[in-house]
Amino acid sequence: MKYLGLAYFTPEKFAAMSPAAVEALVGQCPARDDAMRATGKVRLAASLGDLDGWKTLRPRQGRTQVSDGPYTESKEVVGGLFIIDADSPEEAVRIASLHPAATLGEEGGWAVELIPMEFHFET
């Protein structure tokens, strides 16, 4: 089964960190990402671009309305995503727990949400 992992952060908390703290935190990510990919079960992993480049598309009165910025009205914003092809829910959790947002970045409000995918297609 495939699982979608969403890596969250809290922009305000992340912005409050010193540049040295951000650099120290982010510097730990490549090794964690490599460990996750080394499982052979990660099908896709990506960091998302800066929030000021995001667009939200919504249906409004029969037309598509485009607005700037993320849709969410929560404290946390998705900063990355990954797809795992796991043999069990336990394996998916084990692999997702290797992601930097699941093991580091408490001061930046990092977290991972793991979601089973019921439908997918590959091109």
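## Sheet, packing helix and selected residues

Leu-4 stands opposite Ile-115, a residue of β6. In this predicted model, the strand β1, which spans residues 2-9, pairs with β6 in the antiparallel sense, and six bridges connect the two. Both strands belong to an open sheet of four strands, arranged in the order β2-β5-β1-β6 with antiparallel pairing. At the edges of this sheet lie β2, covering residues 42-47, and β6, covering residues 111-116, each of which pairs on one side only. Averaged over the sheet and with direction ignored, neighbouring strands are turned by 20° against each other. Helix α4, made up of residues 89-96, packs on the sheet and touches β1, β2, β5 (77-85) and β6, while its direction makes about 135° with that of β5.

Within strand β1 is found Tyr-8. Is Tyr-8 buried or exposed? Its relative accessible area is 17%, so Tyr-8 is buried, given that the term applies under 20%. When residues up to four places away in sequence are not counted, Tyr-8 touches Glu-76, Val-77, Val-78 and Gly-79, and it also touches Gly-109, Trp-110, Ala-111 and Glu-113. With Glu-113 there is in addition a polar contact, made between the two side chains at 2.7 Å. Between Tyr-8 and Pro-59, by contrast, the C-alpha to C-alpha separation is 26 Å, and the two residues are 51 residues apart in sequence.

The loop between α4 and α5 (100-103) holds His-99. His-99 counts as buried because its relative accessibility is 13%. Leaving aside neighbours within four places in sequence, the residues in contact with His-99 are Ala-7, Asp-33, Met-36, Phe-82 and Val-112.

A further residue to consider is Ser-67, which lies in strand β4, residues 63-68. Which residues does Ser-67 touch, not counting those up to four places away in sequence? They are Trp-54, Lys-55, Thr-56 and Arg-58. The side chain of Ser-67 also makes a polar contact with the side chain of Arg-58, at 3.5 Å.

The side-chain polar contacts described above are set out here.

| Side chain | Partner side chain | Polar contact distance |
|---|---|---|
| Tyr-8 | Glu-113 | 2.7 Å |
| Ser-67 | Arg-58 | 3.5 Å |

Conventions: Residues numbered from 1 in each chain as written. Predicted model: local features only at pLDDT ≥ 70, side-chain atom pairs only at ≥ 80, totals over all residues. Heavy atoms only, no water. Pairing = 2+ DSSP bridges. Axes fitted to C-alpha atoms, helices over the stretch in contact; angles between N-to-C directions. Contact = heavy atoms within 4.5 Å. Buried < 20%, exposed > 50% of the residue type's maximum accessible area, 1.4 Å probe, protein only. Polar contact = N/O pair within 3.5 Å; in protein donor to acceptor, adjacent residues only side chain to side chain.
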